[in-house]
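Biologist: I have the model open and would like to understand the words used for it. Could you take me through the reasoning behind them?

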Amino acid sequence: MKQKIGKAGGLENGAGYLFILPWIIGFIAFTAIPFVALFYFSFTNYDLLSTPKWIGLDNFIRMFTTDEKFFTSLKVTFFYVLTAIPLRLIFALFIAMLLNMKIKFVGVYRTAFYVPSIIGGSVAVAVMWGQLFGLNGAVNGIIGAVTGTPPNVSWIANPDTALWTLILMAVWQFGSPMIIFLAGLKNIPESYYEAAVVDGANAFHRFVKITLPLLTPVILFNLVMQIIGGFMTFTQGLIITAGGPLDRTLFYQLYVYRQGFEFLDMGYAAALSCFLLLIVAVLTALVFKSSSSWVHYESKG
């Protein structure tokens, strides 16, 4: 009897391993091996055409001592992340609260607000954004229609406004965090708000004392995901502004791409990528570390 049970258990385990085998193969082929290769190339001089040559820490020393564009790209990316991510989360929460109200055709509104996030990262939208904020774009046309004189400025070619147009685009792509916020709002029991109304709490107090505390786990999730996504920003900088003007939109990922595929300095690009991985890991760890002081869980289990 024990042998039959053991044999059946072995078959079940074998079937389980067989089902996850495609995922394991994909993980090893497309994640584990490329990651190990990236780490190795970061210590080499590699131009994609010849054999990698081991140079130790030279790529990292070059990064911090002689490469001014490294610091420029780092500064641009940090400014983008620290500005665009909070604005996107605040706007997403605001729209989610509106869509959580009992109004007609709310399903249509939710779909309409989510669509920009589906197509927002595409090349087509990046091109459209460039046309909207160009010298003869729709934005200048609207301003000209209102004021009588269209401004003689290209918002994406002006060093003072180029990055802000990309930040505005990031805020416009609020659909994904909005859907997650909306799911979190749906899980807050209505009885909490009813009890608060009976106690005389106004809308602001209900938001601060009930909505925000119960939504903090969702805020934590959205914050981590958006931070990671923010540091991976690439398409907008490449298609709309090409990193300019004057490197004002030279995102870190765009700089890595240029080093690796335009200058064929793959070893240095690998070192830059490893450093970016370290930045994201440290920031994510800090967010999780701080979460114990501001994230509220109803159950400690």
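Biologist: What makes Q259 count as buried?

Modeller: In this predicted model, Q259 has a relative accessibility of 5%. Buried means under 20%, so Q259 counts as buried. Its place is in helix 12, residues 252–262.

Biologist: Which residues is Q259 in contact with, leaving aside neighbours within four places in sequence?

Modeller: Q259 is in contact with R62, L264, D265, M266, Y268, A269 and L272. Contact here means heavy atoms within 4.5 Å.

Biologist: L264 is on that list. Why is L264 called partly exposed?

Modeller: L264 has a relative accessible area of 32%. Buried needs a value under 20% and exposed one over 50%, so L264 is partly exposed. You will find L264 in the loop between helix 12 and helix 13 (266–294). Its phi is near 55 degrees, a positive value in a residue other than glycine.

Biologist: And why is A242 called partly exposed?

Modeller: The reasoning starts from a relative accessible area of 41% for A242. Partly exposed lies between under 20% and over 50%, so that is the term for A242. A242 has a positive phi of about 55 degrees although it is not a glycine, and is found in the loop between helix 11 and helix 12. P245 is found in that loop too, and the peptide bond from G244 to P245 is cis, with omega near -5 degrees.

Biologist: Let's turn to helix packing. What makes helix 9 roughly antiparallel to helix 10?

Modeller: Helix 9 (residues 190–198) and helix 10 (residues 203–231) pack at an angle of about 160 degrees, with their axes 10 Å apart. Angles over 145 count as roughly antiparallel, so helix 9 is roughly antiparallel to helix 10. Their crossing is right-handed.

Biologist: Which residues meet there?

Modeller: From helix 9 come Y192, Y193, A196 and V197, which meet R206, I210, T211 and L214 in helix 10. The residues of this contact divide into 6 nonpolar, 1 polar and 1 charged.

Biologist: One more, on helix 5. How do you know that its buried residues line one face of the helix?

Modeller: In helix 5 (residues 123–132), V125, A126, W129 and G130 are buried. Seen down the axis of helix 5, its buried residues fall within an arc of 145 degrees, so they line one face. On the other side of helix 5, A124 and Q131 are exposed.

Note on methods. Residues are numbered from 1 along each chain as its sequence is written. This is a predicted model: local features need pLDDT of at least 70, side-chain atom pairs count only at pLDDT 80 or more; totals for chains, interfaces and linings use all residues. Side-chain values use heavy atoms; hydrogens and water are left out. Axes are lines fitted to C-alpha atoms, for helices over the stretch in contact, and angles run from 0 to 180 degrees between N-to-C directions. Helices (H or I, at least four residues) and strands (E, at least two) are DSSP runs, numbered from the N terminus. Angles under 35 degrees count as roughly parallel, over 145 as roughly antiparallel, 65 to 115 as roughly perpendicular and the rest as oblique. A crossing is left-handed if the near helix is turned anticlockwise from the far one by less than a right angle, and right-handed if clockwise. Ala, Val, Leu, Ile, Met, Phe, Trp, Tyr, Cys and Pro count as nonpolar, Asp, Glu, Lys and Arg as charged, and the others, Gly among them, as polar. Buried means under 20% relative accessible area, exposed over 50%, partly exposed in between (1.4 Å probe, protein chains only). The arc is that of the directions from the helix axis to the C-beta atoms.
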